[in-house]
Amino acid sequence: MIDSHTHLHLCEPPPAELVEAAVAVGVTRMLTVGTDGASCRAALASAEAFPQVYASVGRHPTQARGFDGADLAELRALAAHERCAAIGETGLDFFTGSSGAGTGSRTPAPREDQERAFAAQIALARDTGKPLIIHTRAAEQETLEQLAAEADGVRVVMHCFSMPHRLEECVERGYAISFAGNVTYPSARALADAARRVPAERLLVETDAPYLAAQAVRGRRNQPAFVVHTAAFLAQQRGVSERELEQQLHANAAALFRW
């Protein structure tokens with residue numbers, strides 16, 4: 001089993017315990033994702049420490065304020081690491097609602113900064129030959145438009161897929177479609193239907209830990225080991241055995257991330 005998107009530096013307990021728990025349930029590969037300089041370095045440190053872990057380095061759109069050449073130079077240097085398997089997560093996020101956890105309203109980074117950081121990371125993915133991990137929230141049209149304009153030939157992963165009404169467009173463009181635990185929620189019927197329709201060779205599964213725990217463990221702090229619950233749900237939805245789905249997901253991730 002694989003976890004195509006997690007954030008080990010944000011999870012509890014420490015990475016060594018998280019990896020041990022994941023391996024115990026059969027998770028043999030996981031991609032831990034950085035969102036700024038510090039978290040990218042932490043991701044690479046985990047990838048160095050554990051053979052099951054690879055890193056993705058990027059600047060999250062909500063942290064793109066003031067993105068400049070120095071930020072890109074830092075990402076380029078981090079991306080050269082032998083354990084870096086992807087670029088991102090990057091994209092566009094214009095959501096302005098509650099930030100959660102009682103922290104009040106959420107102010108996105110300026111649109112021009114987000115677009116500049118996104119463009120730079122698309123170019124970095126092309127230059128390095130690494131896949132690009134996409135985050136999009138309240139910006140679906142704008143994200144897809146920028147990808148269409150700038151990402152031709154780049155391998156793209158739609159992380160935590162959330163736009164079932166645009167599935168056919170994403171599949172036609174050749175994007176990988178990754179589902180997190182929210183696909184298992186009873187209210188997510190359109191998302192579950194999309195999960196049934198994704199071509200087998202484009203499908204990925206993730207935790208996005210510590211967020212979005214699957215329904216079976218909802219209310220608990222998410223971790224890579226819990227990816228098996230989402231995978232089991234996807235297998236049931238797609239009418240295949242868990243073993244068959246596991247083999248397909250492993251092959252898809254290996255081809256994409258080259259791990």
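**Close-up 1. F257 is a buried residue of this predicted model.** The relative accessibility of F257 is 4%, so the residue counts as buried, the limit being under 20%. W259 has a relative accessible area of 16% and is therefore buried by that limit too.

**Close-up 2. Y54, F257 and W259 make up one aromatic cluster.** The structure holds three aromatic pairs. One of them joins F257 to W259, with 4.9 Å between the ring centres and 40° between the planes. This geometry is classed as tilted because the angle is neither under 30 nor over 60 degrees. A charged side chain also meets the cluster member Y54: R83 lies over the face of Y54, at 4.0 Å from the ring centre.

**Close-up 3. F161 and F179 form an edge-to-face aromatic pair.** The ring centres of F161 and F179 are 5.8 Å apart and the planes are at 75° to each other. An angle over 60 degrees is what counts as edge-to-face, so the pair of F161 and F179 falls in that class. The contact links distant parts of the chain, 18 residues apart. F161 belongs to the loop between strand 6 (156-158) and helix 6 (167-172), whereas F179 is in strand 7 (residues 176-179). F161 has 1% relative accessibility and so counts as buried. F179, at 1% relative accessibility, likewise counts as buried.

**Close-up 4. R218 is placed over the ring of Y185.** R218 lies over the face of Y185, and the distance to the ring centre is 3.6 Å.

Methods. Residues numbered from 1 in each chain as written. Predicted model: local features only at pLDDT ≥ 70, side-chain atom pairs only at ≥ 80, totals over all residues. Heavy atoms only, no water. Phe/Tyr/Trp six-rings, centres within 6.5 Å; stacked < 30°, edge-to-face > 60°. Helix = DSSP H or I, 4+ residues; strand = E, 2+ residues; numbered from the N terminus. Buried < 20%, exposed > 50% of the residue type's maximum accessible area, 1.4 Å probe, protein only. Lys NZ or Arg CZ within 6 Å of the ring centre and 35° of its normal.
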